[in-house]
Amino acid sequence: GRVDPNKGCETLLRYFLRFQAESRRAVPLVLAGPANMPIPDHPALRQLGYVTKPVREALLSNAVALVVPSPYESLSLALLEAWNHAVPAIVNGRCGVLKGQALRSDGALYYRDYSEFATGLDYVLAHPSEARVLGRQGLAYVDREYRWPLVMAKLERFLRSESP
């Protein structure tokens, strides 16, 4: 993805830095992808820029959670990739698509304001077993809805239904 104001990253940084200031939990926020905005100089922020596929795989394999702050998504590939690694997610609940995927998958928590963001992040950090359950439910959702044979079967059914 991109670290971009249009992807909700300014709000994410503001929320995360406030969480750091108010919480006793020392946790880094790793930002992967090209930055189209200034990133504050803070010890809890790690801006990696563009990462290769092996680095992205390593990041996802070791992530506690993925945060998807975008208010405008039609389908978040980063979210599906995280779930493919059984990583739980915290998504912007003001985005209907992300909130819908969170509810359908049971693989993510959603937030609409700072209080909900902080509560969700604190929950994932304080309850690693439950967070792993969220991640596994996200993986099950990807298995149910997004594997190629399933997608192709849905597409073929759609095309057959559209034929005269």
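The paragraphs below lead through a predicted model, beginning with a pair of strands and ending at the surface.

A convenient place to enter is strand S1, which spans residues 29-32. Its covered face carries Leu29 and Leu31, while Val30 and Ala32 belong to the uncovered one. In a regular strand the side chains alternate between the two faces of the sheet. S1 is joined by four bridges to strand S2, residues 45-49, and the two run parallel; within that pairing, Ala32 has Gly49 of S2 as its bridge partner.

From the covered face of S1 the path leads into the interior. The largest nonpolar core has 22 residues, and the members that touch the most others are Phe16, Phe19, Leu29 and Phe117. Two or more residues of this core come from each of helix H1 (9-22), S1 and helix H5 (114-126), with H1 giving the most, six residues. Phe117, taken without the residues up to four places away in sequence, touches Leu12, Tyr15, Phe16 and Phe19, together with Val67 and Tyr111. Apart from this core there is a second, separate one of 16 residues, which includes Ala82, Trp83, Cys95 and Tyr141.

Two single residues show what surrounds helices H1 and H5. Leu13 has its place in helix H1, and because its relative accessible area is 4%, under the 20% limit, Leu13 counts as buried. Once its neighbours within four places in sequence are set aside, Leu13 is in contact with Leu29 and Leu31, the residues of the covered face of S1, and also with Met37, Pro38, Ile39, Pro40 and Leu45. By contrast with these contacts, Leu13 and Ala63 stand 50 residues apart in sequence and 18 Å apart in space, C-alpha to C-alpha. Asp122, in helix H5, has a relative accessible area of 30% and is therefore partly exposed. With its neighbours within four places left out, Asp122 is in contact with Phe19 and Arg25, and its C-alpha is 8.5 Å from that of Ser23, although 99 residues separate Asp122 and Ser23 in sequence.

Helix H4, residues 96-105, offers another view of the interior. Its residues Leu98, Gly100, Gln101, Ala102 and Ser105 are buried, and the buried residues of H4 pack against three strands and two helices, namely S3 (66-68), S4 (89-92) and S5 (108-111), and H3 (77-84) and H6 (128-145). Just after H4 comes Asp106, whose phi is positive at about 55°; this residue lies in the loop between H4 and S5, and at 46% relative accessibility Asp106 is partly exposed. Ala86, in the loop between H3 and S4, likewise has a positive phi, near 60°, in a residue other than glycine. The relative accessibility of Ala86 is 25%, so Ala86 counts as partly exposed.

The last stop is on the surface, where Trp148, Met152, Leu155, Phe158 and Leu159 make a nonpolar patch of about 550 Å². One of these residues, Leu155, is found in helix H7, residues 148-162. Leu155 is partly exposed because its relative accessibility, 39%, falls between the 20% and 50% limits.

Technical notes
Residues are numbered from 1 along each chain as its sequence is written. This is a predicted model: local features need pLDDT of at least 70, side-chain atom pairs count only at pLDDT 80 or more; totals for chains, interfaces and linings use all residues. Side-chain values use heavy atoms; hydrogens and water are left out. Buried means under 20% relative accessible area, exposed over 50%, partly exposed in between (1.4 Å probe, protein chains only). Two strands pair if DSSP finds at least two bridges between them. A nonpolar core is a set of buried Ala, Val, Leu, Ile, Met, Phe, Trp, Tyr and Cys residues joined through side-chain atoms within 4.5 Å. Contact means heavy atoms within 4.5 Å. Patches are made of residues with over 30% relative accessible area and no salt bridge: like charges are joined within 9 Å, nonpolar side chains (Val, Leu, Ile, Met, Phe, Trp, Tyr) within 5 Å. Accessible areas come from the Shrake-Rupley method with a 1.4 Å probe; for residues, only the protein chains shown count as cover. A salt bridge is a side-chain nitrogen of Lys or Arg within 4 Å of a carboxyl oxygen of Asp or Glu.
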